[in-house]
Amino acid sequence: MAPMVAVAQVNLVVADLERSRDFYRRLGLTFRARNRQAEGRGEQDRVEAWVSDDAGVTIVLHSPEFAAWWDPSNPGPMAGGPQVDLELASADELESAVDRLGAAGATIAKQPTDMPWGQRFAIVVDPDGYRIGLKAPLSTD
């Protein structure tokens, strides 16, 4: 029997859209803008969310104001919320991403480590405190 549920999208409500987009760009994601005008919901033309489809699942960075529009409970950034894991193509790519983020001042919660399940694994913390796991195949050299 096929699963009835699939992960369709990960939404992260962030305090500063540009700061967060810069963080995720350092991981290799690209983004397109989303705003109310583009979605036919008003006259605003400022970016209220950044959308990336690069990772095999849609990742959306939302401003708190935009998130409050679609979720009236008024969600905000939540440090320590769920961890999102991203898979990179190689251990070298993972090392490079961690180096770029560390050089930009990001917190590296777990340095790249070979794990017994057969992957290189690291954890970085985005500007709003979300933990981002980075996984890659072990090097074969």
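# Salt bridges and helix H3

Arg-32 is partly exposed in this predicted model, because its relative accessible area of 42% falls between the 20% limit for buried and the 50% limit for exposed residues. The side chain of Arg-32 meets that of Asp-53 in a salt bridge, with 2.5 Å from N to O. This pair links distant parts of the chain, since Arg-32 belongs to strand E2 (residues 32–34) and Asp-53 to the loop between strand E3 (49–52) and strand E4 (58–62), with their positions 21 residues apart in sequence.

## The chain as a whole

The secondary structure comprises three helices and eight strands, which follow one another from the N terminus in the order β-α-β-β-β-α-β-α-β-β-β. Of the 141 residues in the chain, 38% are buried. Among contacts with a separation of 6 or more, 55% are made by residues 24 or more positions apart. The accessible surface comes to about 7900 Å², and carbon and sulfur atoms account for 50% of that area.

## Charged pairs

Side chains of opposite charge can pair when their charged atoms come close. How many salt bridges does a search of the whole structure find? The search finds seven, and one of them is the pair of Arg-19 and Asp-128, whose closest N and O atoms are 3.4 Å apart. Arg-19 sits in helix H1 (residues 17–25), whereas Asp-128 sits in the loop between strand E7 (119–125) and strand E8 (131–137), so that the pair links distant parts of the chain, 109 residues apart. Asp-128 counts as buried because its relative accessible area of 10% is under the 20% limit, while its partner Arg-19 is partly exposed at 38%.

A further salt bridge joins the side chains of Asp-85 and Lys-135, at 3.3 Å from N to O. Asp-85 lies in strand E5 (residues 84–87) and Lys-135 in strand E8, and the pair therefore ties together parts that are 50 residues apart in sequence. In addition, Glu-95, Asp-114 and Arg-120 are joined into one network by salt bridges that share partners.

The table sets out the accessibility of residues from these pairs.

| Residue | Relative accessible area | Class |
|---|---|---|
| Arg-19 | 38% | partly exposed |
| Asp-128 | 10% | buried |
| Asp-53 | 42% | partly exposed |
| Arg-32 | 42% | partly exposed |
| Asp-85 | 36% | partly exposed |
| Lys-135 | 22% | partly exposed |

## Helix H3

Helix H3 covers residues 91–103, and its 13 residues should span 18 Å at 1.5 Å a residue, which agrees with the 18 Å between its end C-alpha atoms. Which residues of H3 are buried? They are Ala-91, Leu-94, Ala-97, Val-98 and Leu-101. These residues lie on the same side of H3, because they cover an arc of only 120° around the axis. Their cover includes H1, strand E6 (107–114), E7 and E8. On the face turned away from the buried side, H3 carries the exposed residues Asp-92, Asp-99 and Ala-103. Just after the helix, Gly-105 adopts a positive phi of about 95°.

How values were computed: Residues numbered from 1 in each chain as written. Predicted model: local features only at pLDDT ≥ 70, side-chain atom pairs only at ≥ 80, totals over all residues. Heavy atoms only, no water. Salt bridge = Lys/Arg side-chain N within 4 Å of Asp/Glu carboxyl O. Helix = DSSP H or I, 4+ residues; strand = E, 2+ residues; numbered from the N terminus. Buried < 20%, exposed > 50% of the residue type's maximum accessible area, 1.4 Å probe, protein only. Expected span 1.5 Å × (residues − 1). Arc of directions from axis to C-beta. Contact = heavy atoms within 4.5 Å. Areas by Shrake-Rupley, 256 points an atom, 1.4 Å probe, with all protein chains shown as cover.
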